[in-house]
Structure formats: C-alpha cells, structure tokens
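Here's a quick briefing to read with the sequence and the model side by side. Skim the lead, then dip into whichever topic you need.

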Amino acid sequence: MAAVIVSPKRPFLTLPFLLPSLSESVAVESRRNQSSYRRTKQRLRVKPDSSFGASSDQSQEQIIYNPPSSAPSVYHTPTKFLPADDIRRTLRTDASTDSHNTKELPPVFKSTSEKKYHLNQSDIEEIRRLRLSDPMTWSRWKLAKRFDCSPMFIAMVCEASPQKKEIQRQVLEAVQSRWGTKRRMAREDRQLRKESWGRDE
Amino acid sequence: MKRLQLQRWSSSVLSPRVRTGSRLQHHLYTGLRCQSTFSPVPQAENEPLTHEQPPVSPIPSPNSQKSKYTLPSPPVEAARESAKLAALHARLYLPSRLPLETLARSLVDASADPNSNFNNASLATLGHDLLTYYTSEHLICTYPRLPMAVVFAAMYAYVGPKTLAAMTREWGVEHAATPGGEVDPGFLQFKRIDPGTEIGEGQVNGTTRPNDHRRWRVSMSSRVVYDNEFGEPVQDPTKNDGLPRPLPQGVTAEQASANFVRAVMGSIYLHAGRPAAKRFFEQHFLSRHLSLTELFDFSQPARDLSRLCARESFEPPVAKIISETGRKSRHPVFVVGIYSGEDKLGEGAGASLLEARSRAAVAALKGWYLYSPLNVRVPSSTEEESSAPWKPVHVDLGEVIV
C-alpha cells in the first residue's frame, strides 16, 4: 500500500528550524518507553567489578576482600609505629601497602623550609634590642624578613614590650567593636570548628 | 552479580495474609486475657510504691514485728524470704556459693546502717580496689601507649560512679525510700541527702595534696601521685580548710548505687574466689563498649606529631595530597596523608587543606597511641596455679611532651 504523503506547502530543507523540534519529539517518546520494567532492569544490569566473584583461573576457594572506600581505622597501627619486636612488622609486605606512588604525590605546602640555624647570639641580641627600641617599626614579620628566619623564631627569642601589647590589644578591640552579630558568630563558629578537628568530630 | 529482587521482598512483608495472621493472634491473646482468672498486672504498679512507701517485708512474724521497726536495716533472716533478692541473684547469674544474706548486706549502705558488721562499706572497699585493679591492668596492657589523661578518662568510663549507677539501674535494683528493718532486703537502702544540700561536685576543699592552699597548677604527674584512680583530688578528712563543715547526713543515689556494685564485686571475690570475680568483671564491666578513639583531644596535632617523629628518630612528617575534588568550588574535599619517608602515618579528609592536614595528624597520633600488642595477658592472669609464666608486656616511653 502506498503511503499517503501530504506534501507541505514548503519543503523541510528550507525550514531547518523544524528539524531539532522533530528530533526532540522522538526523544520524548523514547523516554516514556524507558520507564518500562524490563528496560529499567536491563539498564541496571551492570557488569560487576572484576574483584567480585571467583575468577576463572582460580578454581579453589578464596577470600574476597573488597572494602568500601573509607578512612582507615586508627586501630590499624602503621607499620612504622609498630615496636621492633612486633610480629606484624614482618607479616606486612609491600603488596599490602600502597607506597608505590608516594613520591609523585603533591605536598600540601609548596616549600618545605629547611632549618638553617644561621643566627648566632649577637643576632639574637640585635633582634631583642630592635624590638624593644621601636616596636611599631620592627614587628615580628619585619624582623623575620630582615634576619631571614620565621616569625615563630622571633616570638621564641623575644617578647614585645607591655606598651606594645597594650596598643595591640586596643587595636584589636577597636576592630572587633565594629563587628556585627553575623560576623562575630561566624568567627566564633570557625573557632569551634577548628577545635573540633582535634577531637576528630 | 544479581540484584535484590525487591518485588519479592515487599510482597512477603506486606502480604495481606501476614497482616490477617497478626490480627488473629491479637484476637487470640485478648481472648486469653479475658478468660484468665488473674487480673492483668499493670506495668507501673509498684512504681509509686517504691517511691512513697516501701512494701513491708512479706514475713509477718508477730513477735518480731515491733523490733523490726527499731532496726536500722533488715534483719539477716529476712534475706531468705525476699523474692526480689532471689530474683536479683538469679538475674545476675551470681555463683551459688554467694549466699543471699551477703547480697542483702551489699544492698545496705553505710548511711543507712552505721554498724560496719551490717553495711556494705568493707565489701565496697574491697570491690573498689578489685575493680580499679582489673580495669587499670586491662587498659595498660592492652593499650600500652595511652596518655595518662586518656587512661584516667577510660578508668572513669569503665568503673566510675556514673557507670556503676547506670549498671545498678540496668540490673533492676530499686531504691528504698527510707531504710529500715521492715523494708524488703531486695531494695537498695541508703539515707538520702536533704533536698537543697549543696553537693560539692568537681571542687574539693581540703585535699591530700601538699601545699593545697597555694592553688598550684595541677600537673598530670602530680595527679598520678596524689589523686585517686580517676585523677580526681581526694578529700582529706583531717583537713577541713578552717571551715566548720558539717558531715553530710546522707549520700546521693549515685554514690549508694556505686557502693552497691562494688560490694557485689567484693562479696563475689570473698565467697566464690578469684576466678569467679574475674569472670564477673569481664562479663559485666569489660563487656561494656567504650570507644577509646573519642577520648582524645589534641590542641596542636601537627606539632605533636613532628615532636613524636623527632623523638623516635623517624623522618620528619610531610603532608601530601592524596586526592581532592572541587578545589575552586564552595564545598571542596581534600584527602591528605601524612608521610614519614615512604610510610603513611595517617590520613584525613577535610574541607580545607589545613583541616585535612590537622585531621590526618590526629589520625596518625591516634594510630601511635592506640597501638595494641597481640596476645595481651594481664598480670592477674598468673595468679592462678598452672598458668603460663609471666612474660613482660610492652612498656612505652610515654606520651609526647612538647
């Protein structure tokens, strides 16, 4: 039987904007059919991971160990932390640890600072003198930059004068007095979150 | 891999046949209850009884009835007649060598009966020493690297007064409203403190420490030396801090319950011997789950870890990114591992690099502190004859001190 084709007034090719709408209508139709039980079942039938089930070459019984990805248990002591006489040191082989790509992992901090130990007693005296004489100019950061050490080291060798501490406290109070409720609460929450890291919550 | 056939499951769970069956059972039960000659016992029947007036002992012997009211605690011969006591003995699966009379005595607190021949003070002292000894040797031998603060917290969690009071409730021991000779010996008897009395919890005025009045900083080592097994200051009875404080006339329910559990432990030790006492300890105390990982609180874990690695002459710890996702997004996740040389010490995940590194350092420190040797034996296991000779356990250098 010959198909009856109703010829449009204008051919399709001259109206290209009709084509995407045509394909969309087809997609909608097929999407409705996807919800059938058999098709859903067929689509969900995924190939299992290779570690599941018995492999073909091993006919004897075996243990399948395929744990879900999770943080390692803290009761599993790292091999380095085991005492020398613990038998688990020898039982753990290289295969059980994933140390093959340790070298390639990027570090968290870009530069690992090697300690230089280059300051001597006279430098430390100089640091103390500078910090006491002009605390506004010679802050910890500036001293650290000048003597090529860390601000932590400056704090270890000397202390700010009481006047400077008082000034700094007033500055901090002035800054904090401008905070509104939201900012204050957000900062307190941040501090609380930071404390919860140590408790591992 | 086959998927679960959800259809089949739901059909068995929700099939109408099952539901009608349960309804049928319900009908049957209600029918039985109607036919029975006994009236159904409401569950909360003896609840107001115990709080308002203790039930009179079920042996009405007319000549001793008057003398019973003068006694501070139930007479010894009443123990055989108490159903509550026998039920408690059976419920706890106590050894048959432990007589009901001793169990009745362990339920009488020193505040109820000051006579030390009839109260549980001596039994509680013995039981307390046994409990703390067994717990401490278990903790120290199983986790030889635990910091002292965690050991104190774990001791408190295992045999502290709050835990013992909870155990008393779990054992189904009820409190008598007022102690007396006519009370059923199955009730825990103690004199309650008056309402409104200040309970000095947490702060003790006169302690056994030297230079107590100077308010020196209390270090962890001094807590080991001077304080009790939970690291809490000990009240010195001779010192009263110059303040005339009247002795409290009663005890709290928590203290009385704790003394009762300790007294049960002591009486098992006395009557049934050491193995039975150890078995009771393992079944009732060590079987309680305590998550030791939650007792830690580090303020600067990264610094502690680097000090630890320097002390043990490992390579200095380096934090490396194992994986990350969404670094530029609102909710990034970083997984950071801390490596010492080639070995991974710990791993942590966090929303920022600092958080992940901090958590990884915490995990590494916990891995160090929670080391547990294989085949743990405790010193008290050599007390029995025909036991294997004692081999020294692992002794650690101690916690990291920065």
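How far does helix H8 (residues 181–199) of chain A reach from its first C-alpha to its last? Its 19 residues cover 27 Å, close to the 27 Å expected at 1.5 Å a residue; the expected span is 1.5 Å times one less than the number of residues. Keep in mind that this is a predicted model, where local features need pLDDT of at least 70, side-chain atom pairs count only at pLDDT 80 or more, and totals for chains, interfaces and linings use all residues. Residues are numbered from 1 along each chain as its sequence is written, while chains are lettered from A and ligands numbered from 1 in the order in which they are written.

**Chain A at a glance**

- Chain A comes out with 8 helices and 0 strands (helices are DSSP runs of H or I with at least four residues, strands are E runs with at least two, and both are numbered from the N terminus).
- Just 6% of its 201 residues count as buried; buried means 20 or more other C-beta atoms within 10 Å of the residue's own, exposed means 12 or fewer, partly exposed is in between, and the C-beta atoms are placed from the backbone.
- The chain is divided into domain 1 (118–160) and domain 2 (161–201), with bounds that come from an automatic or database domain assignment.
- The centres of domain 1 of chain A and domain 2 of chain A are 25 Å apart, taken over C-alpha atoms.

**Helices H7 and H8 of chain A**

- Helix H7 (residues 162–177) of chain A has 16 residues that should span 22 Å at 1.5 Å a residue, and its end C-alpha atoms are indeed 22 Å apart.
- H7(A) lies largely in the open, because the number of its 16 residues that are buried is 0.
- H8(A) also lies largely in the open, because the number buried among its 19 residues is 1.
- Right after H8(A) comes A:Asp200, with a positive phi near 65 degrees.

**How sure is the predictor about chain A?**

- The mean pLDDT of chain A is 80, and 74% of the residues score at least 70; pLDDT is the predictor's confidence in each residue, from 0 to 100.
- Confidence in chain A is lowest in helix H1 (residues 18–34), at a mean of 51, and highest in H8(A), at 95.
- Residues 1–8 of chain A stay under 50 in pLDDT, and the model has 0 contacts for them beyond four places in sequence (a contact means C-beta atoms, placed from the backbone, within 7 Å).
- Residues 21–28 of chain A also stay under 50, again with 0 contacts beyond four places in sequence.

**Chain B and its strands**

- Chain B has 14 helices and 3 strands, and 30% of its 402 residues count as buried.
- Strand E2 (residues 333–340) of chain B is largely enclosed by the rest of the structure, because 6 of its 8 residues are buried.
- On one side, strand E1 (residues 318–325) of chain B runs antiparallel to E2(B), with 7 bridges joining them; strands pair if DSSP finds at least two bridges between them.
- E2(B) also pairs in the antiparallel sense with strand E3 (residues 343–350) of chain B, over 7 bridges.
- B:Val335 in E2(B) stands opposite B:Ser323, and in E3(B) the bridge partner of B:Val335 is B:Ala349.
- The hairpin of E2(B) and E3(B) has 2 residues between the strands, and B:Gly341 there takes a positive phi near 70 degrees.

**Domains of chain B**

- Chain B is assigned domain 1 (52–56 + 67–194 + 249–292) and domain 2 (296–371).
- Their centres, taken over C-alpha atoms, are separated by 45 Å.
- Across the boundary, 6 residues of domain 1 of chain B are in contact with 5 residues of domain 2 of chain B.

**Where the chains meet**

- At the interface, 26 residues of chain A are in contact with 37 residues of chain B.
- H8(A) gives the most to chain A's side, with 3 residues.

**Unusual backbone spots**

- Most residues other than glycine have a negative phi.
- A:Tyr117 has a positive phi of about 55 degrees although it is not a glycine, and its place is in the loop between helix H3 (88–91) and helix H4 (121–133) of chain A.
- A:Tyr117 counts as exposed, with 7 C-beta neighbours inside 10 Å.
- B:Ser386, not a glycine either, has a positive phi of about 60 degrees and lies in the segment after helix H14 (353–369) of chain B.

Terms used. Contact = placed C-beta atoms within 7 Å.
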